[in-house]
Amino acid sequence: MSDCRRQWNREDELPVYLAGPISTGPNQRKSFGMFSSVEGAFESKTIDFDNYAVGRKGSRTPRSGSRERLLDTGEPVGKTPSEGREGSPSGDETGSERLLIKGGRVVNDDQSLYADVYIEDGLIKYLQSMIIPLSFPHPYANGRMVIPGGIDVDTCFMKPFLGTQPVDDFLQGTKAALAGGTTMIIDHVSPQPGDSLLEAFERWQEAADKKACCDYSLHVDIPQWNESVKDELELLVQEKGINSFQVYMAYKDLYQMSDSELYEAFSFLKQLGAVVLVHAENGDLIAQEQRKILGMGITGPEGHPLSRPEELEAEAVFRAITLGNRVNCPIYITKVMSKSAADTITQARRKGCLVFGEAITASLATDGSHYWSKNWAKAAAYVTSPPLSPDPTTPDHLHTLLACGDLQVVGSAHCTYSTSQKAIGKDDFTLIPEGTNGVEERMGFVWDKAVAMGKMDENQFVAVTSTNAAKIFNLYPRKGRIAVGSDADIVIWDPDSVKTISAKLQQSAGEYNIFEGLECRGGPALVLSQGQVVYEEGKLQVQQGTGRFIPRKHFPDLAYQRVKFRNQVKGKQGVIRGMYDGPVYDVVPTPKYITPSPSAKTSPTSHQPPPIRNLHQSNFSLSGAQIDDNMPRRSGHRIVAPPGGRSNITSLG
Amino acid sequence: MSSSFRLRCSPEDDCSSLLSRLGSDSPRPRMKYGGMFCSVEGAFENKTLNFESFSPQTQRRRAARTRSDSHDGGDAVRGAGQTVVSITSNHPASFLSACFQGDRLIVKGGKIVNDDQSFYADVYIEDGTIKQMGENLIIPSGVRTVDAYGQLVIPGGIDANTNLQAPQKGLNPTDDFYQGTRAAVSGGTTTIMDHVLVEPGMSLLSAFDQWRDTAEQRACCDFSLHLDITRWHDGLYEELETLVKDKGVNSFLFFMAYKDKYQSSDSQLYEAFWVLRDLGAIAQVHAENGDIIDEEQKKLLCLGITGPEGHVLSHPEEVETEAVYRAVTIAKQANCPLYVTKVMSKSAADVIAKARKKGMVVYGEPITAGLATDGSHYWSKDWATAAAFVMSPPLNPDPSTPQYLTALLACGDLQVTSSAQASFSTAQKAVGKDDFTLIPEGTNGIEERMSVVWDRAVCTGKMDENEFVAVTSTNAAKLFNMYPRKGRIAVGSDADIVVWNPKETRTVSAKTHNLTVEVNILEGLEFRGVASVVISGGRVVLEDGKLNVTEGSGRFIPRKAFPDAVYKRIRARSKMAEARGVPRGNYDGPVHDVISMTKSVPPTPTSRGPPCPKTLTGSRNLHQSGFTLAGSQVDDHIPRRSTQRIVAPPGGRSNITSLS
């Protein structure tokens with residue numbers, strides 16, 4: 001480390017004309033980011049630059065050139081990185097494999113510095129000032145910012161709803177992502193209850209390998225919790241490179257898990273070293289509210305936010321955090337949409353809970369007033385859950401929390417359905433497929449609403465759009481950082497470009513854009529994905545299937561270092577006592593009113609149980625355990641007062 | 001308030017400033033309009049008694065009115081010169097005062113302390129109610145005088161949470177209605193509200209009747225009943241309606257803990273709250289997350305922790321906090337008033353305070369044990385001591401919790417103090433000597449409650465005497481609609497009066513207390529403030545340290561629905577909170593054709609072997625079945641198509657065709 005520090009200092013003394021206003025003085029910005037509170041977390045994750053010095057390559061090798069890629073599409077890409085080893089990164093490859101970005105200001109989450117970036121074989125090879133250009137092309141950054149490509153951790157490009165697929169599949173979706181400066185997405189694998197997680201994962205991976213234009217990784221949603229899921233989870237974590245799983249607290253009778261199941265799931269995932277994503281809404285109450293609101297005759301999209309008020313989100317977040325804290329497992333709340341939910345996370349973090357929060361494009365750029373639009377199609381386009389908060393000050397608040405580090409990640413929750421698909425729910429808002437667009441606009445709006453407003457600096461911008469996500473999901477430093485050895489997913493960011501969002505101009509296939517007409521400052525001028533220029537001056541040049549699956553290791557440091565220590569500290573110990581030798585009350589099974597199944601006997605007041613009995617209440621379980629297992633049995637006893645009063649059957653005889 | 005009253009009061013106070021040093025050292029009478037309930041417009045006005053009517057000139061009017069209310073056939077003479085004496089002495093025995101007839105008392109020289117003000121007055125009691133208040137009362141001769149000089153005269157305490165009969169795991173509490181109310185009276189509590197525990201599957205009405213019968217035979221002080229609903233279903237509605245409208249029960253407790261036994265799910269709570277709101281009742285919750293507790297208990301038992309410390313380890317504070325938060329959310333959604341019983345931790349209390357700040361109608365109740373001691377005793381080397389403290393939610397190990405709860409109580413964020421009395425003998429507790437989950441839960445506290453609040457809150461300067469009366473009596477009376485019959489010293493109120501001696505101290509010990517249980521969790525603690533005389537139903541039941549109670553003298557106090565203090569706001573909100581739809585034209589665009597192709601939600605779990613080798617083992621949670629008798633299916637909302645070719649059946653295509 002000291003070596004590399006010295007090296008940087010030397011760089012800083014280099015020609016003044018390159019050194020910008022930031023790196024001139026001795027007081028170069030050296031923010032260690034909000035995550036440095038963990039001792040050593042920063043140290044171990046910063047790249048050892050010496051490793052990447054000339055002639056000594058790291059163990060990781062690049063994927064080879066684009067020519068092979070076309071051929072590769074069939075096989076699962078990225079699983080066998082050692083293949084590319086024979087293609088040594090010499091100069092005889094095509095020109096497109098080597099790039100030099102000159103004169104830009106490299107912005108990472110911890111510091112900004114003026115440097116040229118030399119890219120070869122999809123990796124960053126040198127990061128120095130004044131690299132002498134050779135004969136290969138070099139986009140001239142011209143003092144603009146060079147930032148790590150964005151990572152969008154929350155997309156659903158294949159999430160089926162009643163058999164329909166979103167209109168943006170991996171191709172359309174990743175194209176939109178690249179056009180917005182996002183070079184990596186993490187998509188949700190959403191198996192239905194009863195499906196095998198592994199099969200679903202393979203289906204998703206296959207589709208993404210064929211279509212994705214940028215690197216991707218996958219979260220797996222757990223639709224229901226049972227024993228067989230455990231084995232699959234273990235396999236996914238150990239062999240498939242998945243370290244994040246989503247559980248649902250909403251969608252009653254479909255995906256929802258009870259608190260006990262959540263507790264078990266959290267305990268299990270913690271052992272595996274995975275990050276738990278939580279969709280936090282109280283599904284029980286939502287179901288009740290939906291019934292009520294439909295009963296009132298409200299069937300339009302305004303019923304959606306009415307049936308999912310902000311309190312239910314905040315409550316579920318609170319519960320998820322409590323569960324996580326009990327289990328000592330890191331929790332990641334997807335889609336924080338309301339102030340109160342965000343505040344709940346903030347407070348929990350103050351108390352030291354391991355919880356991360358993700359704001360999404362829609363909640364950062366617009367609010368829920370549109371649900372009351374007279375235009376059904378428009379109102380329906382905003383339907384997502386948790387819903388956008390009707391409070392117009394919500395976006396501001398969320399930006400503030402992002403800027404101060406209380407929320408960490410910006411996702412998009414991109415899941416677009418066409419208006420005709422949304423119209424499945426034209427007579428019943430509960431059937432409207434949920435999802436909004438946002439993958440393309442994500443980076444732009446964070447810049448526009450946070451950086452351009454002075455809430456956030458450029459380093460924090462990089463942190464929330466890319467680095468934090470990479471750290472939480474263990475992609476760092478391969479993604480989320482511009483450093484020697486990192487993947488060449490780089491964006492040249494133009495802070496001054498202004499564009500007006502419109503469905504006509506977007507890459508996404510959806511015919512409606514919820515940000516329609518909003519103006520957005522800041523956008524990518526040039527996007528490099530795996531060292532290839534894929535977007536330049538508004539033109540997109542992508543090849544279907546170039547995206548690789550990025551496997552992620554378990555036990556991400558950022559989330560799990562603290563867990564490990566807490567585990568050691570938190571050991572519980574009993575009190576050593578002598579045996580209790582006093583009298584023990586003889587437990588007489590006094591009239592037990594707990595009948596295994598509700599008796600049909602008429603009670604004295606002759607109120608029969610209702611026609612719709614709630615059979616969920618049964619105490620029956622297959623384990624053979626009975627509710628009175630804990631009571632010692634007596635051989636026999638006379639029932640003096642049987643439940644329901646004495647019978648007078650003897651008088652009949 | 002009339003100005004004449006103020007004029008009357010201040011000279012009074014001045015002349016006896018010697019005595020007023022006890023609590024309020026300001027020379028002026030305390031005229032606090034800002035009780036916590038005054039945020040409701042007009043609530044205060046209606047409920048404060050019209051003191052003008054107590055002045056000699058106007059007293060006739062009031063007396064006449066009471067008379068014509070109670071029995072219409074009374075003598076019609078209302079001459080100008082008629083004295084109060086003649087009215088009261090001619091008064092025939094009312095229906096409930098048969099046993100109190102002729103028991104006339106005057107409490108002299110004390111300082112009357114109500115929740116809104118304190119003043120000096122004598123109180124004349126006849127037939128179990130307060131007949132006159134003021135100075136220089138004209139009273140018949142031969143009336144027994146209770147001397148209250150230098151002491152406070154406060155309304156008798158109301159203990160809003162006792163379990164004197166509720167069995168736990170087949171064990172009955174050692175202190176039943178007789179022992180329990182005896183102890184209550186000795187501590188200055190003259191009304192208790194007991195919890196009727198209705199076991200799942202049992203009829204609410206029969207349980208209520210059983211409780212009421214027992215209590216009427218045994219109780220020595222007035223009582224009222226809450227109902228604990230352990231298994232909610234829609235069919236309870238009729239019984240609830242009967243209970244609320246005919247039986248005088250307006251509060252129902254739900255458990256969020258005790259998984260698989262008493263626990264209610266969020267849906268059930270929501271439905272129940274909704275019903276209670278319509279009926280005008282108050283929802284109470286035992287707030288702890290039963291699911292988490294269950295898992296933690298399993299984990300701790302696996303770790304080999306079987307002693308009482310396992311109880312507090314498996315019921316951590318955050319589990320309570322989470323449930324309180326959830327209950328508040330559900331109540332907010334159902335727009336139902338919520339009363340959280342047994343607030344035991346700082347963070348749970350904070351959640352309530354915050355919710356109140358957001359305007360929710362929620363009330364919190366700390367208990368004697370939580371205010372007086374902390375949970376460090378769970379780690380006691382003596383098993384019996386440790387086990388005696390077992391209750392849930394457990395006492396918090398954080399030693400600063402009692403002070404914090406007292407502070408919130410003083411500032412009105414928490415409103416009611418109760419005891420959560422449920423005493424089990426050491427032999428009964430020893431049922432769980434090898435497994436802490438079997439230890440019956442409950443502590444004593446019914447006797448010490450008032451003294452604890454006085455010592456911890458008033459003596460430390462956190463609270464004044466009026467707030468003391470509010471949290472020990474008046475607030476409970478208001479919330480549960482017994483006000484102003486209980487919870488106030490005023491003409492017409494029940495004669496439940498305590499003469500409180502703030503100077504005396506007593507040391508709590510199991511040897512000297514009036515319960516039968518052999519352990520007292522407050523053993524050895526000294527408390528200032530003691531009830532020197534207790535009058536219950538117009539009879540002196542405690543004097544000179546001697547208890548003189550009659551078994552079965554307690555009456556059941558029915559409580560009406562829609563208590564004003566609670567429901568005024570709820571009513572206004574129900575009007576405001578109506579959601580309205582947006583009138584739109586019909587959507588006439590294209591609609592995507594729903595092919596229910598990937599509908600793979602089987603109504604019952606399939607037994608097909610999943611691709612992974614292991615099949616389902618162990619205890620499957622059959623509670624998860626989507627089966628209902630209503631005939632509704634999980635896919636009812638999906639429009640049906642007549643036939644469809646299944647292209648990709650759930651679980652992949654079968655290759656059964658290759659067999660042929």
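**Figure 1. Overall organisation of chain A in the predicted model.** Of the contacts in chain A with a separation of 6 or more, 78% are accounted for by residues 24 or more positions apart. The model shown here and in the views that follow is a predicted one. Chain A comprises 18 helices and 16 strands, and 59% of its 653 residues are buried. UniProt, in an unreviewed entry, places the feature "domain: Amidohydrolase-related" at residues 145–534 of chain A. Over residues 145–534 the chain is 39% helix and 18% strand, and the C-alpha atoms at the two ends of the stretch are 17 Å apart.

**Figure 2. Surroundings of Q256(A) in the loop between β8 and α7 of chain A.** The loop that holds Q256(A) connects β8 (244–248) with α7 (259–272). With a relative accessible area of 19%, Q256(A) is buried, since the cut-off for a buried residue is under 20%. Its side chain reaches the backbone nitrogen of K252(A) at 3.4 Å. Beyond its neighbours within four places in sequence, Q256(A) is in contact with Y248(A), M249(A), A250(A) and Y251(A), and also with E261(A), G283(A) and D284(A).

**Figure 3. The region of chain B listed as a domain in UniProt.** The unreviewed UniProt entry lists residues 153–540 of chain B under "domain: Amidohydrolase-related". Helix makes up 39% and strand 18% of the chain over residues 153–540. The end C-alpha atoms of this region are 14 Å apart.

**Figure 4. The seven-stranded open sheet of chain B.** The strands follow the order β3-β2-β7-β15-β16-β17-β18, and their pairing is mixed. At the edges stand β3 (118–120) and β18 (546–547), each with a single partner strand, so one side of each is left without a neighbour in the sheet. Strand β2 (residues 111–113) and strand β7 (residues 152–155) pair in the parallel sense over two bridges; the partner of K111(B) in β7(B) is L152(B). Helix α18 (residues 465–479) lies across β2, β3, β7 and β15 (497–507) of chain B. The helix runs at about 30° to β7(B).

**Figure 5. Strand β16 of chain B and its antiparallel partners.** Nine of the eleven residues of β16 (residues 526–536) are buried, and the strand is thus mostly covered. On one side of the pairing, eight bridges join β15(B) to β16(B) in an antiparallel arrangement, with I497(B) standing opposite I535(B). Four bridges link β16(B) to β17 (residues 539–543), again in the antiparallel sense; here V533(B) has E543(B) as its bridge partner. β16(B) and β17(B) form a hairpin with two residues between them. In the turn, G537(B) has a positive phi of about 60°.

**Figure 6. Helix α12 of chain B and its packing.** The helix covers residues 346–357, twelve in number. From its first C-alpha to its last it reaches 16 Å, close to the 16 Å expected at 1.5 Å a residue. The buried residues of α12(B) are S347(B), A348(B), A349(B), V351(B), I352(B), A353(B) and A355(B). These residues pack against two helices, α11 (317–334) and α15 (401–411), and against the strands β13 (338–341) and β14 (362–364) of chain B. Just after α12(B), G359(B) takes a positive phi of about 95°.

**Figure 7. Polar and other contacts of D122(B) in strand β4.** D122(B) lies in β4 (residues 122–126) of chain B and is buried, with a relative accessible area of 12%. The side chains of D122(B) and K108(B) are joined by a polar contact of 3.5 Å. A polar atom of the D122(B) side chain also lies 2.9 Å from the backbone nitrogen of G109(B). Apart from residues up to four places away in sequence, D122(B) touches I106(B), V107(B), K108(B), G109(B), Q132(B), M133(B), G134(B) and L137(B).

**Figure 8. Environment of V123(B) in strand β4.** V123(B) is buried, with a relative accessible area of 0%. Residues up to four places away in sequence aside, the residues that V123(B) touches include L105(B), I106(B), V107(B), I112(B) and I130(B). Among its further contacts are I489(B) and I497(B). The C-alpha atom of V123(B) is separated by 50 Å from that of S265(B), which lies 142 residues away along the chain.

Technical notes: Residues numbered from 1 in each chain as written. Chains lettered and ligands numbered in written order. Predicted model: local features only at pLDDT ≥ 70, side-chain atom pairs only at ≥ 80, totals over all residues. Heavy atoms only, no water. Pairing = 2+ DSSP bridges. Contact = heavy atoms within 4.5 Å. Axes fitted to C-alpha atoms, helices over the stretch in contact; angles between N-to-C directions. Buried < 20%, exposed > 50% of the residue type's maximum accessible area, 1.4 Å probe, protein only. Polar contact = N/O pair within 3.5 Å; in protein donor to acceptor, adjacent residues only side chain to side chain. Expected span 1.5 Å × (residues − 1). UniProt positions renumbered as here; feature names shortened; annotations may be inferred.
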